[in-house]
Amino acid sequence: MQITIVGGGFGGVKAALELSKNKKSQITLISDKPYFQYYPALFGTATGYSHLESWVPLGQIFAGRDNVNVVIDSITTINKAEQVVTGTSGIHYPYHTLILALGSVTTYFGIEGLDQYAYGIKSEDEISELKQHLFDEFSRPNGADKNFLVVGAGPTGVELSSALGTYLTHLKKHYRQPQPRISISLIEAAPRVLPRMSEKASSLVTARLKSLGVHVELGKKVEAETVDSLIVSGKPIKSHTVIWTSGVANNPFFGANANQFTLSKNGKVVVDNYLRADQNIYVIGDNAATQFSGLAQTALRDGVFVARHILKKSKAKYVPKMPPVVVPVGANWAIFEYKKLRFTGLIGSLIRKAADVVGYSDVLPFGQALGVWHAQTIREDDSVIAKDVRKK
Ligand SMILES: Cc1cc2nc3c(=O)[nH]c(=O)nc-3n(C[C@H](O)[C@H](O)[C@H](O)COP(=O)(O)OP(=O)(O)OC[C@H]3O[C@@H](n4cnc5c(N)ncnc54)[C@H](O)[C@@H]3O)c2cc1C
């Protein structure tokens, strides 16, 4: 049985691992990067911890799986009539059964200046750009930025803003920067942080952020960014360091091939009860218009579901399932919520650490997963991964 998978992230890798257990399967996994990106750890790498926790080579994941062929290419078009996808390399990849798991991309909602001046932490390049900028700021003889602004109080914005203070203090010492005051603000348009969690969770996390010295600015709309300011609800805030964690949109592949799919209002692909967009095309993870799409655990679950369906091990219909959520807020403190269960503080933090071990062992043998997980505790020589990729 020949299966082509596009996307080497949570959904694509999990589907390939499950499918490869059947020795009759021949899997081609096409991804635009040679590594699997563990998004939940990116805020850690962006604030000085090891890059090993964020990027796991696909070669390591599929070592010993002879029926998985990993190809690095960026797929741009699909021709359903001819059953072929085509990459930027110009190579055509014919498929028999296709799984699309391309993930999502950042969007700035057309807000002026963000594209040019804001930083992000969604990829290796974005993190390198941000860190290079921070090194530049802290090595300026006339002082670093006073205001560091994180936009978007979803899990990523909360995790990042809560870890940023410790990192900036470390840089300040390292560069012997006399800057007396560093201010970190978390700016959110909604009336509360973590709007997808309960109101109680929002108030606990707001209090925790404030105790860490983060200014939480709610109900504030970002209107534009200039070379030295962010315009928020009509007022400029002086800053060279705006980190945008807010907008996410479906992968542009689907908009570019819109005539081949039915897209929902938010641009995701409408799928049937088996996550199919067509008889032999499955769409999973962030790309599918399912209820809990947008979470790593949903993508992993989707990968397992489609593998079982393809291998005819299950005829059960797909049932969306709300995964538990656990968000770290500074060192040794996290909030965990699942249905009516809630834990905060050290217990929440231990749950998060356990969840990360489970997350890595979803794609790696347990021993290797523990090794990668351990990297979360290693502070890295920042210059090692900083590339010269200045944005402005
Ligand atoms: C900073 C951040 C932190 C997050 N933290 C959490 C968290 O703590 N918990 C949680 O549940 N979720 C979290 N998420 C969301 C989670 O990461 C996604 O829901 C999950 O990655 C979706 O899996 P996926 O397989 O659909 O896409 P991805 O994991 O994004 O994989 C898509 C893959 O496709 C590749 N690709 C893209 N375009 C092409 C192309 N044209 N051709 C070939 N390959 C392509 C990409 O390089 C990537 O390898 C976070 C997201 C971000 C951005």
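In this predicted model, the shell around the ligand draws at least two residues from each of α1 (10–20), β2 (26–31), α6 (155–174) and α9 (296–310). Altogether, 34 residues surround the ligand. The closest of these are G7, G9, G11, G103 and G285. By chemical character, the residues of the shell divide into 15 nonpolar, 15 polar and four charged. It also helps to ask which parts of the chain these residues come from. Domain 1 (2–32 + 73–103 + 251–310) gives residues to the shell, and domain 2 (107–247 + 325–385) does too, so the ligand lies between the two domains.

Two of the elements that supply the shell, α1 and β2, can be followed a little further. Strand β1 (residues 2–6) pairs with β2 in the parallel sense, over five bridges. Within this pair, I5 stands opposite L29 in β2. Together with α1, the strands β1 and β2 make a β-α-β unit, and this unit is right-handed. Strand β2 has a further partner in β5 (residues 68–72), again with parallel pairing and five bridges. Here T28 of β2 finds N69 of β5 standing opposite. As a reminder for readers new to sheets, strands pair through backbone hydrogen bonds, and the pairing may be either parallel or antiparallel.

Attention now turns to another group of strands. Four of them form an open sheet, with parallel pairing, in the order β13-β12-β11-β17. At its edges are β13 (214–217) and β17 (241–244), each of which pairs on one side only. From one strand to the next, the twist averages 20 degrees. Inside this order, β11 (residues 147–151) and β12 (residues 183–187) are joined in the parallel sense by five bridges. One position to look for in this pair is F148, which stands opposite I184 in β12.

Helices pack against these strands as well. Helix α6 packs on the sheet and touches β11, β12, β13 and β17. The direction of α6 makes about 160 degrees with that of β11. Helix α7 (residues 199–211) lies across β12 and β13, and runs at about 140 degrees to β13. Of these two helices, α6 brings the description back to its starting point: α6 packs on the four-stranded sheet, and α6 also supplies at least two residues of the shell around the ligand.

Technical notes
Residues numbered from 1 in each chain as written. Predicted model: local features only at pLDDT ≥ 70, side-chain atom pairs only at ≥ 80, totals over all residues. Near = placed C-beta within 6 Å. Nonpolar A, V, L, I, M, F, W, Y, C, P; charged D, E, K, R; others polar. Domains from an automatic or database assignment. Pairing = 2+ DSSP bridges. Axes fitted to C-alpha atoms, helices over the stretch in contact; angles between N-to-C directions. Contact = placed C-beta atoms within 7 Å. Right-handed = clockwise from strand over helix to strand, strands pointing away.
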